[in-house]
Amino acid sequence: MTTNRLEAFSDGVLAIIITIMVLELKVPHGSDFETLTPLLPKFLSYLFSFIYVGIYWNNHHHLFQAIEKVNGKVLLANLGLLFWLSLLPFVTGWMGENHFAENPVALYGFVLLMCALSFSFLEKSAIKHEGEESTIGQALANRWKERVSTLGYFSGIILAFFYPIVSLVIFYSIALLWILPDQRIENRLNQKRV
């Protein structure tokens with residue numbers, strides 16, 4: 001099977017996730033800028049999660065540029081990723097509503113961890129389907145970014161119960177690691193074209 005339907009479905013789900021998150025930002029009553037102040041934690045939560053969804057969309061797109069075909073296991077792995085991403089609006093809203101309290105930040109970190117593990121499982125499923133010598137197999141032979149991210153998420157979840165702001169710094173440091181499209185895939189695709 002080609003990747004077209006999987007990519008179109010995933011794009012639609014990610015667009016809906018972003019829409020649901022922005023709908024949590026309720027318009028305040030009043031026209032003074034001070035009426036926006038109570039919305040700041042919710043807006044920051046939304047901004048952080050929007051960045052994460054954008055990173056996943058971007059890297060998902062690059063991943064499927066390197067994959068030629070999919071099978072049922074890849075489809076299921078992709079659904080697993082979409083499931084965890086679909087929980088972002090809930091944990092984003094809870095975290096913003098509670099001004100970055102310990103439990104909401106810990107749950108937010110857990111969902112981010114599960115998104116990362118799901119994406120890694122999707123990559124592994126694609127490599128298993130296409131083979132270690134495929135474009136995707138060669139591009140993702142070195143998985144240091146995945147290991148660093150997983151360790152960071154675990155650390156952030158534990159720290160959330162004591163220092164939730166430190167956890168958020170860890171989570172968004174991980175986002176900075178992934179904000180540019182995966183260069184391993186781009187480099188491999190460029191080598192293949194030459």
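**Close-ups of a predicted model**

**View 1. Leu63 and the residues around it.** Skip the neighbours within four places in sequence, and Leu63 is still in contact with Phe119, Leu122, Glu123, Ile136, Leu140 and Ile185. Keep in mind that this is a predicted model.

**View 2. The largest nonpolar core, with Leu63 among its best-connected members.** This core counts 52 residues, and the ones touching the most other members are Tyr52, Leu63, Tyr108 and Phe171. Helix H5 (residues 102-130) chips in with 13 residues, the largest share of the core.

**View 3. Helix H1 alongside helix H4.** Here the axes of H1 (residues 4-23) and H4 (residues 88-97) come within 9 Å of each other, crossing at roughly 20°. Angles under 35 degrees count as roughly parallel, so that is the label for H1 and H4. As for handedness, H1 passes H4 in a right-handed crossing.

**View 4. Zooming in on where H1 and H4 meet.** Which residues of H1 meet H4? They are Ile17, Ile20 and Met21, and on the H4 side they meet Leu88, Pro89 and Thr92.

**View 5. Two of the spans that UniProt annotates as "transmembrane region".** The unreviewed UniProt entry puts this feature at residues 9-27, 39-58, 70-93, 105-122 and 151-180. Take residues 9-27: the span is 79% helix with 0% strand, and its end C-alpha atoms lie 31 Å apart. Residues 39-58 come out at 95% helix and 0% strand, with 28 Å between the end C-alpha atoms.

Key:
Residues numbered from 1 in each chain as written. Predicted model: local features only at pLDDT ≥ 70, side-chain atom pairs only at ≥ 80, totals over all residues. Heavy atoms only, no water. UniProt positions renumbered as here; feature names shortened; annotations may be inferred. Helix = DSSP H or I, 4+ residues; strand = E, 2+ residues; numbered from the N terminus. Core = buried A, V, L, I, M, F, W, Y, C linked by side-chain atoms within 4.5 Å. Buried < 20%, exposed > 50% of the residue type's maximum accessible area, 1.4 Å probe, protein only. Contact = heavy atoms within 4.5 Å. Axes fitted to C-alpha atoms, helices over the stretch in contact; angles between N-to-C directions. Parallel < 35°, antiparallel > 145°, perpendicular 65-115°, else oblique. Left-handed = near helix turned anticlockwise from the far one by under 90°.
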